Amino acid sequence: NAESCRKLVERSKKLIRMKITNKWNLWDKLNIMTVVVRAKESLKSLEVDSIRFWTAAAMSKLGRMENLTSLIMTLEFIGSNANFDIIEELAKLDKLAELKLTCIVQDPANVEGKIMISSINKKFRDLSRDDSLWTELTLDSNDIRLNAESCRKLVERSKKLIRMKITNKWN
């Protein structure tokens, strides 16, 4: 019962991690975000598995979860549910450090879903290349030795760098 879940989350004032599953494979539209937003202030980690239908309204609520640092979710594109810009909503999560996004298009004829996944992949690829956003960096000592100036410039461009690891793969 959704109302019972909402009340439980409201009573859990220090809830930092939430995992939502669909073990019974209920494929009706599940309004899970009405439960999740009750923990907006404290929730740091959200994992949502096996929910097929994500509406634009649900994604908008997800984009307002300002304290999320970890998000693991599965999106299944079915017909016309691929009409919202997930990247726009995820971009609002400025504290997000970990994102695991699984996208599924089961119907080979679902062109809209394939286009959406292609767009998501391109935007994340472009984002991953923006070294000013990187918080972790791993360099190999041989790369540093051979390309010291390039490595130095890379570290300088990594404005949000928190952790750096130097490996020695060849020795």
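**Salt bridges, paired strands and a nonpolar core**

In this predicted model, the side chains of Glu47 and Lys19 meet in a salt bridge, with 3.8 Å from N to O. Glu47 belongs to strand β2 and Lys19 to strand β1, so this pair ties together parts of the chain that lie 28 residues apart in sequence. The two partners sit in unlike surroundings: Lys19 is partly exposed, with a relative accessible area of 48%, whereas Glu47 is buried, at 17%. The value for Glu47 earns that label because buried means under 20% relative accessible area.

Glu47 also has a second partner. It forms a salt bridge with Arg17, and here the closest N and O atoms are 3.5 Å apart. Arg17 lies in strand β1 (residues 17-20) and Glu47 in strand β2, so this contact joins parts that are 30 residues apart in sequence. Taken together, Arg17, Lys19 and Glu47 are linked in a network of salt bridges.

The structure holds eight salt bridges, and another of them can be found further along the chain. Glu136 forms a salt bridge with Arg163, their closest N and O atoms being 3.1 Å apart. This pair links distant parts of the chain, as Glu136 is in strand β5 (residues 136-140) and Arg163 is in strand β6 (residues 163-167), 27 residues apart. Arg163 counts as exposed, at 52% relative accessibility; the label applies because exposed means over 50%.

The strands themselves can now be followed one by one. Strands β1 and β2 pair in the parallel sense over four bridges, and within this pairing Ile20 has Val48 of β2 as its bridge partner. Strand β2 (residues 45-48) also pairs with β3, again in the parallel sense and over four bridges. On that side, Val48 has Met73 as its bridge partner in β3, while the partner of Leu46 in β3 is Leu71. Strand β3 then pairs with strand β4 (residues 98-104) in the parallel sense over seven bridges, and Glu76 stands opposite Ile104 in β4.

Which way do the residues of β2 point? Ser45 and Glu47 point one way from the strand, Leu46 and Val48 point the other way, and all of them are buried. Strand β3 (residues 70-76) is mostly covered too, with six of its seven residues buried.

Leu46 leads on to the interior of the model. The largest nonpolar core has 26 residues, and those with the most contacts inside it are Leu46, Trp54 and Leu62. Many elements take part in this core: β1, α2 (33-36), β2, α3 (56-63), β3, α4 (86-90) and α5 (111-128) each supply at least two residues. Leaving aside its neighbours within four places in sequence, Leu46 is in contact with Met18, Ile20, Val36, Leu62, Leu68, Ser70, Leu71 and Ile72.

Leu62, one of the residues that Leu46 contacts, brings helix α3 into the picture. In α3, the buried residues are Ala58, Met59, Leu62 and Gly63. Seen down the helix axis, these buried residues fall within an arc of 145 degrees, so they line one face of α3. They pack against α2, β2, β3 and α4.

Finally, what surrounds Lys44, in the loop between α2 and β2? Not counting residues up to four places away in sequence, Lys44 touches Ile16, Asn67, Leu68, Thr69 and Ser70. Although Lys44 and Asn67 are 23 residues apart in sequence, their C-alpha atoms are 5.6 Å apart in space. Lys44 is partly exposed, with a relative accessible area of 36%.

Methods: Residues are numbered from 1 along each chain as its sequence is written. This is a predicted model: local features need pLDDT of at least 70, side-chain atom pairs count only at pLDDT 80 or more; totals for chains, interfaces and linings use all residues. Side-chain values use heavy atoms; hydrogens and water are left out. Buried means under 20% relative accessible area, exposed over 50%, partly exposed in between (1.4 Å probe, protein chains only). Two strands pair if DSSP finds at least two bridges between them. A salt bridge is a side-chain nitrogen of Lys or Arg within 4 Å of a carboxyl oxygen of Asp or Glu. A nonpolar core is a set of buried Ala, Val, Leu, Ile, Met, Phe, Trp, Tyr and Cys residues joined through side-chain atoms within 4.5 Å. Contact means heavy atoms within 4.5 Å. The arc is that of the directions from the helix axis to the C-beta atoms.
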